[in-house]
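Subject: Structure handover

Dear colleague,

I am passing on the structure we spoke about, with notes on what came out of going through it. Please open it alongside this message, as the notes are easier to follow with the view in front of you.

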There are 2 protein chains.
Amino acid sequence: MAAATLKNIQKCPTSYVLAIQDTLNAFQGKWKMPIIGTLLFGKKRFKEIEREIPKITPRMLSQELKDLEMNGIISRTVYATSPVTVEYELTKSGKQLSKVVEAMLEWGLQHRRANMLELLPILQSKTA
Amino acid sequence: MAAATLKNIQKCPTSYVLAIQDTLNAFQGKWKMPIIGTLLFGKKRFKEIEREIPKITPRMLSQELKDLEMNGIISRTVYATSPVTVEYELTKSGKQLSKVVEAMLEWGLQHRRANMLELLPILQSKTA
DNA sequence: CGGCATCCGAATCGATACTG
DNA sequence: CAGTATCGATTCGGATGCCG
């Protein structure tokens, strides 16, 4: 199959848009990408993830993990210890997201530097 | 400066999470990535974008374009024709997002194929 | 430890109608 | 053409408390 480069789909921008939205749905919201991000470093337990993601509540973490599992991005394993231990791990699909995450990360750093220099004390209001 | 690879920040997952969330904020929501996507092919006018993105309303398009402009991702040019013509174009920062978009696109296609085969008639309920 | 249930305000977003 | 204004439905997401 041909690679999914921009040039290949230039002919039909709309179908291209649909593909992006499709992808977007898999990890939309405030928390999914950060969760995936922490799991790229390996298996983690519920509490570990919670600790690494500032301000996430158990409610949201639980909800998002369930969502990600349903979408085939992570897998959940329960160990019958006492108290129970649960480990979350990226699936193969999930691991392939590292490409996306790295791209986002790299752009984020560049973009931030660019904005610091040129414009935008506007961000202040969002940071606060 | 060292490249922003995952390995480089493994030491501090939390700061890494913050960087991702930061990036995420720049194009969160249902429409921003698709808008950026269509603009990767070149300058476009309001109506052109609207036509290429299924189901977007003028309200949302207007709002998101404004947001993207404030974030330094696109630029807006008004031509004093009659009726007025407005063109939107990616800035340098915006163009650099192509890396992210392509990564998302590629993953989306792979992931879709994988899910078709293995699991998930669940998506049906979301597609409907 | 790893959650779930409930409540509730805030933010998002779609539909529709209108304007310079 | 390129938007804006208003309304209302839906969803998101934080706080809190409880459970096996």
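Which element gives the most to the surface near DNA strand C? Before the answer, please bear in mind that this is a predicted model. The element is H5(A), which supplies three residues of that surface. Helix H4 (46-52) and strand S3 (85-90) of chain A, as well as helix H5 (58-70) of chain B, are also among the elements that each supply at least two residues there.

The DNA contact

There are 15 residues around DNA strand C, and those that come nearest are Ser62(A), Arg76(A), Tyr88(A), Lys30(B) and Arg59(B). Of the atoms of DNA strand C that come within 4 Å of the protein, 73% belong to sugar and phosphate. Sorted by class, the surface near the strand holds seven charged residues, seven nonpolar ones and one polar one.

Three side chains can be described individually. In Arg76(A), a side-chain N or O atom is 2.2 Å from a phosphate oxygen of DNA strand C, while for Lys30(B) the corresponding distance to a phosphate oxygen of the strand is 2.6 Å. Arg59(B), by contrast, has a polar side-chain atom that lies 2.9 Å from a base oxygen of DNA strand C.

How the two chains are related

Two copies of a chain are related by a rotation about an axis and a shift along it. Here, a turn of 180 degrees with a shift of 0.0 Å along the axis lays chain B on chain A with an RMSD of 0.1 Å, and the two copies are therefore related as by a two-fold rotation axis. Within chain B, the residue that comes closest to this axis is Val100(B), whose C-alpha is at 3.0 Å. Because 98% of the interface residues of chain B are also interface residues in chain A, the copies meet through the same surface.

One helix pair between the chains

Helix H3 (residues 32-39) of chain A and helix H2 (residues 13-26) of chain B have axes that come within 9 Å and cross at roughly 150 degrees, and the crossing is right-handed. From H3(A), the residues in contact are Met33(A), Pro34(A), Gly37(A) and Thr38(A), and they meet Tyr16(B), Val17(B), Ile20(B), Gln21(B) and Leu24(B) of H2(B). By class, the residues of this contact comprise six nonpolar and three polar, with no charged residue.

With best wishes

Methods
Residues are numbered from 1 along each chain as its sequence is written. Chains are lettered from A and ligands numbered from 1 in the order in which they are written. This is a predicted model: local features need pLDDT of at least 70, side-chain atom pairs count only at pLDDT 80 or more; totals for chains, interfaces and linings use all residues. Side-chain values use heavy atoms; hydrogens and water are left out. Axes are lines fitted to C-alpha atoms, for helices over the stretch in contact, and angles run from 0 to 180 degrees between N-to-C directions. Helices (H or I, at least four residues) and strands (E, at least two) are DSSP runs, numbered from the N terminus. A crossing is left-handed if the near helix is turned anticlockwise from the far one by less than a right angle, and right-handed if clockwise. Contact means heavy atoms within 4.5 Å. Ala, Val, Leu, Ile, Met, Phe, Trp, Tyr, Cys and Pro count as nonpolar, Asp, Glu, Lys and Arg as charged, and the others, Gly among them, as polar. A residue is near a molecule or strand if one of its heavy atoms lies within 4 Å of it. A polar contact is a pair of N or O atoms within 3.5 Å; within protein, one must be able to donate a hydrogen and the other to accept it, and residues adjacent in sequence count only if both atoms are side-chain atoms. Copies are superposed by least squares on the C-alpha atoms of residues with pLDDT of at least 70 in both.
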